[in-house]
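Welcome to a short set of worked exercises. Have your viewer ready, try each task on your own, and then walk through the solution.

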Number of protein chains: 2
Amino acid sequence: MGSKNLDIVTKALAEKGLKITHQRIVVYQAIIATDKHPTAEQIYDLLKEQNPSISLATVYKTLETFVENRLVNKVSTPQGTMRYDARTDNHNHIYISNTNEILDYEDEELKGILMNYLEKKQFENFNITDFKLQIKGEKINPKKGINIS
Amino acid sequence: MGSKNLDIVTKALAEKGLKITHQRIVVYQAIIATDKHPTAEQIYDLLKEQNPSISLATVYKTLETFVENRLVNKVSTPQGTMRYDARTDNHNHIYISNTNEILDYEDEELKGILMNYLEKKQFENFNITDFKLQIKGEKINPKKGINIS
DNA sequence: GTAGCTGCAAACGATTTGCAGTGTT
DNA sequence: AACACTGCAAATCGTTTGCAGCTAC
């Protein structure tokens with residue numbers, strides 16, 4: 001498990017000029033290890049098993065620091081709570097309302113279509129920093145996954 | 001001003017089987033009168049001038065009732081606060097981060113492109129209820145408006 | 001050594017709730 | 001008259017903050 005991973009993590013922190021603390025390492029490892037877009041509290045719950053002394057406030061502060069340094073993304077949900085995402089590139093989200101899941105959805109064709117569309121449009125006095133398609137819906141069978149083809 | 005409007009409002013409430021109360025009427029009028037995607041508190045502040053006895057909790061409850069009855073939409077923002085929108089049809093949003101504004105953005109061409117794209121894709125075990133493009137960016141001159149062409 | 005980080009507890013802002021009283025049907 | 005709706009205050013939830021002690025650099 002850890003050490004190859006650890007190199008990546010410490011390097012990422014160092015590149016941003018952040019102090020390499022135990023808490024930052026474990027929080028960062030936790031986020032990059034999942035694609036489930038966890039809340040701060042979910043990360044805290046996960047970590048405190050192995051790190052009983054970590055505090056929820058530190059998890060929040062750490063995540064906020066990561067967001068400022070563009071190591072993670074913060075996304076708002078239809079429920080009003082924030083979730084964190086280790087992917088910082090432009091990608092789309094699928095909100096599954098009956099299971100409360102968020103799925104990443106990336107498709108080069110879609111990206112091309114949207115970029116092409118937005119470039120064609122003239123936005124006067126506006127600088128686009130980011131765009132994404134948000135797809136909302138529900139699983140027909142909540143126990144099963146979704147297949148896209 | 002009011003009475004033509006009032007008919008529409010009371011009719012909308014009646015169609016949903018909701019009791020026609022003064023509070024519901026003024027809340028609904030307030031939302032349909034703006035395209036600014038106000039928060040519950042902003043609606044409350046606006047209304048209490050003319051309706052000093054209205055309570056913030058009632059505004060929240062009323063809005064929630066409207067959302068359940070699909071009279072208004074609730075949208076989450078990057079700041080984590082909820083905003084309400086009288087438009088319940090599918091449309092896109094532009095988030096302006098330096099002024100904290102939300103603009104509706106509708107374009108038939110874009111709608112066509114997206115619907116066409118999504119229809120072509122097969123989502124197995126998933127029912128799409130809604131989709132929208134979220135465009136984030138900032139105004140170059142915050143005092144001025146945005147023109148799209 | 002010192003600036004920056006952590007943990008705790010308290011504070012906060014947005015939203016929800018319980019309940020007694022009021023209004024609509 | 002019955003039931004749903006309102007207003008108030010208190011409760012709750014997610015998140016932030018202040019500060020004293022600790023740690024990486």
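**Exercise 1. Following a strand pairing inside chain B**

Find the residue of E6(B) that is the bridge partner of B:Ile94.

*Solution.* Step one: go to B:Ile94 and look across to E6(B), where the bridge partner is B:Ile135. Step two: widen the view to the strands themselves. Strand E3 (residues 92–96) of chain B and E6(B) run parallel and are joined by 4 bridges. Keep in mind throughout that this is a predicted model.

**Exercise 2. Getting an overview of chain A**

How many helices and strands does chain A have, and in what order do the elements run?

*Solution.* Start with the count: there are 5 helices and 7 strands in chain A. Next, read from the N terminus, which gives the order α-α-α-α-β-β-β-β-α-β-β-β. Finally, for the dimensions, take the principal axes: the C-alpha atoms of chain A fill a box of roughly 50 × 40 × 30 Å.

**Exercise 3. Strands that pair across the two chains**

Determine in which sense strand E6 of chain A and strand E6 of chain B pair, parallel or antiparallel, and over how many bridges.

*Solution.* First, select residues 126–139 in both chains, which make up strand E6 of each. These two strands pair in the antiparallel sense, over 13 bridges. As a check on the register, pick A:Gln134 and you should find B:Lys132 as its bridge partner in E6(B).

Then turn to another pairing between the chains. E7(A) and strand E5 (residues 123–124) of chain B run antiparallel, with 2 bridges joining them. Here A:Asn147 stands opposite B:Glu124.

**Exercise 4. Describing the contact between chains A and B**

How much area do chain A and chain B bury between them, and which residues of chain A lose the most area to chain B?

*Solution.* Begin with the extent of the contact: 45 residues come from chain A and 45 residues from chain B. Together the chains bury about 3,900 Å², and 57% of this is on carbon and sulfur atoms. On the chain A side, the most area is lost by A:Tyr117, A:Asn125 and A:Phe126, together 18% of what that side buries.

Now consider the polar side of the contact. There are 4 salt bridges between chain A and chain B. One of them links A:Glu109 to B:Lys120, with the closest N and O atoms 2.7 Å apart. The two chains also have 31 residue pairs in polar contact, counted with both residues at pLDDT 80 or more.

Last, ask where the chain A residues come from. Strand E3 (92–96), helix H5 (108–120), strand E5 (123–124), E6 and strand E7 (147–148) each supply at least two of them. E6(A) gives the largest share, 14 residues. By class, this side of chain A divides into 20 nonpolar, 14 polar and 11 charged residues.

**Exercise 5. The surroundings of DNA strand C**

Which residues are closest to DNA strand C, and how many residues surround it?

*Solution.* Count the neighbours to get 19 residues, with A:Thr21, A:Gln23, A:Thr58, A:Lys61 and B:Tyr60 as the closest. Then examine the DNA side: sugar and phosphate account for 69% of the strand C atoms that come within 4 Å of the protein.

Some individual atom pairs help here:

- The side chain of A:Gln23 has an N or O atom 2.6 Å from a sugar or linking oxygen of strand C.
- In the side chain of A:Arg24, an N or O atom is 2.9 Å from a phosphate oxygen of strand C.
- A:Ser53 uses a backbone N or O atom, 3.0 Å from a phosphate oxygen of strand C.

To finish, assign the surface to elements. Helix H2 (22–32) and H4 of chain A, together with H4 of chain B, give two or more residues to the surface near strand C. H4(B) has the largest share, 4 residues.

**Exercise 6. The surroundings of DNA strand D**

Which part of DNA strand D, base or phosphate, lies 3.0 Å from the side chain of A:Lys61?

*Solution.* Look at the side chain of A:Lys61: an N or O atom there is 3.0 Å from a base oxygen of strand D. Compare two residues of chain B. A polar side-chain atom of B:Thr58 lies 2.9 Å from a phosphate oxygen, while B:Ser55 places a backbone N or O atom 3.2 Å from a phosphate oxygen.

Then take the strand as a whole. Of its atoms within 4 Å of the protein, 73% belong to sugar or phosphate. The surface near strand D has 7 nonpolar, 6 polar and 6 charged residues, and its largest share, 4 residues, comes from H4(A).

Notes:
Residues are numbered from 1 along each chain as its sequence is written. Chains are lettered from A and ligands numbered from 1 in the order in which they are written. This is a predicted model: local features need pLDDT of at least 70, side-chain atom pairs count only at pLDDT 80 or more; totals for chains, interfaces and linings use all residues. Side-chain values use heavy atoms; hydrogens and water are left out. A residue is near a molecule or strand if one of its heavy atoms lies within 4 Å of it. A polar contact is a pair of N or O atoms within 3.5 Å; within protein, one must be able to donate a hydrogen and the other to accept it, and residues adjacent in sequence count only if both atoms are side-chain atoms. Ala, Val, Leu, Ile, Met, Phe, Trp, Tyr, Cys and Pro count as nonpolar, Asp, Glu, Lys and Arg as charged, and the others, Gly among them, as polar. Two strands pair if DSSP finds at least two bridges between them. Contact means heavy atoms within 4.5 Å. Buried area is the accessible area (1.4 Å probe) that two parts lose on being put together, summed over both. A salt bridge is a side-chain nitrogen of Lys or Arg within 4 Å of a carboxyl oxygen of Asp or Glu.
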